[in-house]
Amino acid sequence: MPSLDQLITEQANPHTADLDLLPLDEALLRLNDEDQKVPLAVRAVIPSIARAVELAERAMRAGGRLIYVGAGTSGRLGVLDSSEIPPTYSVDPDRVVGIIAGGDGALRRSIEGAEDNPADGAADVEALQVDHRDVLCGIAASGRTPYVLGALDEARRRGAATIGVTTNHPSEMDDRVDVLIAPEVGPEPLSGSTRMKSGTAQKLVLNMITTMTMVRIGKTYGNLMVDLRATNKKLVRRAQRLIRITTQVDERTAAALFDAAGGDTKLAILMGLTGLDAEVARAHLAEAGGVLRRAARLNGAE
């Protein structure tokens, strides 16, 4: 495997070699030029991302979890993605989990040495009692972070499926995962600063994995987030707007449906589409596995 000095992300980028000498606007254009390479690099690994989604969907349907593990920027991105799933899709917080080396304190303040011990990664996986129902996604720009490798090894030992997200290939992560996602973003604008292009690529990949996993387990209706948890005024307004859009009712009716459903957006939509009361609609949703489109079709509403 390449040494640290040989990693793609550690190489000097010729396009930004004079970054400190350029006028500000030109320097920013150079950074933006580099950023534009990231979506194309992610696009090139769509087949691998699709396989990762299939693993995550299988885990969720089996009652398992999608678990992100990383250190530094990679860990923070995993925690960020996982923390946004419960309010967006009404998923229990323990179903999509983010772990960062050094614990929650590392989210705000860098704990540099936390990533160096594979035993710590293994211990965090053990503490979660990971098993065959779960899928663990290790995130490491270098592909060699000891904490992440230790977590992957322990997850595999426990029978969990594994995914690796890295921007260096080949790497020590390759043989430890069932699915490797390795977009080739090239050298960073600042050598070794993987919070830049690598971080952007990781964010895009994680968004795609969780978004399409949620779509495939019925957390959306078309491209609408109908399973959102309305926990504040903004989200209540969004929920009622979704009810209006999907059922073609006015604002007052949408608000009434929302209230009658006890603030359950998906239930309110099914009630509006079918004319069912809350109790019956809830039973039909359960019969359809929580998939709104399926429940609506069962009642001839599509």
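**Sheet and cores in a predicted model**

Reader: What makes strand 1 and strand 3 a pair in this predicted model?

Author: Strand 1 (residues 66-70) and strand 3 (residues 135-139) share five bridges in the parallel sense. Two strands pair if DSSP finds at least two bridges, so these strands count as a pair. One of the contributors is Ile 67, whose bridge partner in strand 3 is Leu 136.

Reader: Which order do the strands of the sheet take?

Author: The order is 2-1-3-4-5, in an open sheet of five strands with parallel pairing.

Reader: Why do strand 2 and strand 5 stand at the edges?

Author: Strand 2 (96-100) and strand 5 (179-181) each have a single partner strand, so one side of each is left without a neighbour in the sheet. On average, neighbouring strands are turned by 20° against each other, direction ignored.

Reader: Which strands does helix 8 touch?

Author: Helix 8 (residues 197-216) packs on the sheet and touches strand 1, strand 2, strand 3, strand 4 (161-165) and strand 5. Its direction makes about 170° with that of strand 1.

Reader: How do you know that Tyr 68 is buried?

Author: Tyr 68 belongs to the largest nonpolar core, which has 33 residues. Members of such a core are buried, under 20% relative accessible area, so Tyr 68 is buried. Tyr 68 is among the residues with the most contacts inside this core. Beyond four places in sequence, its contacts include Val 97, Cys 137 and Ile 209.

Reader: Which helix gives the most to this core?

Author: Helix 3 does, with seven residues.

Reader: Where is Leu 257 placed?

Author: Leu 257 is in a second, separate core of 24 residues, which also includes Ala 261, Leu 267 and Leu 270.

Technical notes: Residues are numbered from 1 along each chain as its sequence is written. This is a predicted model: local features need pLDDT of at least 70, side-chain atom pairs count only at pLDDT 80 or more; totals for chains, interfaces and linings use all residues. Side-chain values use heavy atoms; hydrogens and water are left out. Helices (H or I, at least four residues) and strands (E, at least two) are DSSP runs, numbered from the N terminus. Axes are lines fitted to C-alpha atoms, for helices over the stretch in contact, and angles run from 0 to 180 degrees between N-to-C directions. Contact means heavy atoms within 4.5 Å. A nonpolar core is a set of buried Ala, Val, Leu, Ile, Met, Phe, Trp, Tyr and Cys residues joined through side-chain atoms within 4.5 Å. Buried means under 20% relative accessible area, exposed over 50%, partly exposed in between (1.4 Å probe, protein chains only).
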